[in-house]
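User: Hi! I'm new to reading protein structures. Could you walk me through this one?

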Amino acid sequence: MLVSIHKQVIFALLLLFGWSVANAQIWTLEKCISTAQAQNRTLQIAKNNRAIGEEKYKESSANLLPKITLNVDYKYFTDLPTQLLPLSTFNPTAPVGQFKEAQFGVPHNIGANLQLAIPLYNPQVYGAIQTTKVASELAALQYKKTEEQIQLEISNLYYNAQILLNQIAFLDSNTINTNRLLKNIKLLKEQQMAKGTDVSKVELQLTQLQTQKAMVNSKLQQLLYALKFVMGISLETPLQLDPAIQYSETSTYTTHNPVDLQIAHTQRKLALTDLKNTQRSLLPTLALVGSYGTAGFGYDKKPNDFLKFFPIGFAGVQLSFPLFNGTVTMRRINQKKLELKNSELQQTNASEQNSMQIQNATLQQNVATQSIRTTEKQITQAQNIYSQTLLQQKQGLASITEVLLADAALREAQQSYLSAVVDYLKADLELKKQTGNLK
């Protein structure tokens, strides 16, 4: 059943503030949330991180494609390479073990070739693809969590601002009543039916109401600044909220795997993938390689100067097998196993914490519901007491102190009602979040 603020309060609110939907644009909670989804900078950063994760997944997948490299180099040898040749190469009768120095080649060397590499089997590449895919899923969940956090933050700010708006309405309404009371007391004093201290008490009450309204206005402005910041709009933007606080008593929500549990599960999945990738680094890799190009040799001394090019090309298969790297890989595997255990513990902890938070939110919601029903009755009773006390004061049967106490009791009941409604709405938001129903 839809329940709204006390009818008299709504009427006073609309009358005293003079807000007209026809003449001013009202920012509803839904509009504030949709604006934040488009302009909140934290949410935009999370969105970019999600896009980065997707690009990293595409990058790792691209490692399966062939790689083509163009290599060009030029070398000028100021001193040609020297090689030792057996002396028997020049003299067949020379003894074994004697050598002769010889320089080979020409000063100018030019090389140009295209190299092709196609991975046939590379477990580390496949592991990187799987890791970046899980990391991309995690980034998407982090974006969803940030989106929920922004929604909760805006909702809480909005509800708190609504409390202050209604407090101002109550203060204005009470100020009107106090002014009327002050006028009556002054008339009674003129007729010597009231004391000067009675007038002073009412004047003090009026001053306190004015001071309290100034403080509430200051708090409201601070909340509006915070709300604008979270929404991602300029602080100078006019922001007029809907003062009517409404809520509906909901039934029990069905749990739909909340984001925090999804994140914990994905983090465990990522830790398991990292462990498998580290283990895969012990496996061999196989690639198809090929190269085709030209080699140029030049000599710049007359009369035998020349520059000649010769084609060169090859194709083959390259196998790499890690045999021993100083137990570095084994240490990394042990680290990843411990990280996986931590992820499993975190997932269990997140599940139990979620169950606890659901119970707490449900309890808070039930307490707030009972408080709403109680304070509704208290407002009616306080209003009746205030009216009766005011009538008795006019008849000389009640003192001005009793009137002020009845007025304070009415204001306290009104504030308690507002706080109970907002407590219910906040508990309902938390319950939606923990059960995965926030969207």
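**Helices, sheet and core**

Analyst: Happy to! Let's begin with a pair of helices: α4 passes α8 in a right-handed crossing. Keep in mind that this is a predicted model.

User: How are α4 and α8 oriented to each other, roughly parallel or roughly antiparallel?

Analyst: Look at the angle between the axes of α4 and α8, which is roughly 170° where they come within 11 Å. Angles over 145 degrees fall in one class. That is why α4 and α8 count as roughly antiparallel.

User: Which residues, by class, make up the contact of α4 with α8?

Analyst: The contact of α4 with α8 can be sorted into three classes. Its make-up is 13 nonpolar, nine polar and five charged residues.

User: What is the handedness of the crossing where α4 passes α6?

Analyst: Helix α4 covers residues 123-190 and helix α6 covers residues 259-280. They pack at about 165°, with axes 9 Å apart, and are therefore roughly antiparallel to each other. By class, their contact holds nine nonpolar, ten polar and eight charged residues. As for the crossing of α4 past α6, it is left-handed.

User: Now the sheet, please! Which strands stand at its edges?

Analyst: Follow the order of the four strands in this open sheet, β2-β5-β7-β8, where the pairing is antiparallel. An edge strand has a single partner, so one of its sides is left without a neighbour in the sheet. The strands that fit this are β2 (67-76) and β8 (306-320).

User: By how much are neighbouring strands of this sheet turned against each other on average?

Analyst: Here the direction of the strands is ignored. With that in mind, the average turn between neighbouring strands is 15°.

User: Over how many bridges do β7 and β8 pair?

Analyst: Strand β7 spans residues 285-299 and pairs with β8 in the antiparallel sense. For one spot to find on your screen, G296 stands opposite F309 in β8. The number of bridges between β7 and β8 is 15.

User: Last one: which element gives the most residues to the largest nonpolar core?

Analyst: In soluble globular proteins, nonpolar side chains tend to be buried together. The largest nonpolar core here has 46 residues, and I154, L227, M231 and L241 have the most contacts inside it. Elements giving two or more residues to this core are α2 (29-39), α4, α5 (196-231), α7 (328-394) and α8 (400-435). The top contributor, with 13 residues, is α4.

Terms used
Residues are numbered from 1 along each chain as its sequence is written. This is a predicted model: local features need pLDDT of at least 70, side-chain atom pairs count only at pLDDT 80 or more; totals for chains, interfaces and linings use all residues. Side-chain values use heavy atoms; hydrogens and water are left out. Axes are lines fitted to C-alpha atoms, for helices over the stretch in contact, and angles run from 0 to 180 degrees between N-to-C directions. Angles under 35 degrees count as roughly parallel, over 145 as roughly antiparallel, 65 to 115 as roughly perpendicular and the rest as oblique. A crossing is left-handed if the near helix is turned anticlockwise from the far one by less than a right angle, and right-handed if clockwise. Ala, Val, Leu, Ile, Met, Phe, Trp, Tyr, Cys and Pro count as nonpolar, Asp, Glu, Lys and Arg as charged, and the others, Gly among them, as polar. Two strands pair if DSSP finds at least two bridges between them. A nonpolar core is a set of buried Ala, Val, Leu, Ile, Met, Phe, Trp, Tyr and Cys residues joined through side-chain atoms within 4.5 Å. Buried means under 20% relative accessible area, exposed over 50%, partly exposed in between (1.4 Å probe, protein chains only).
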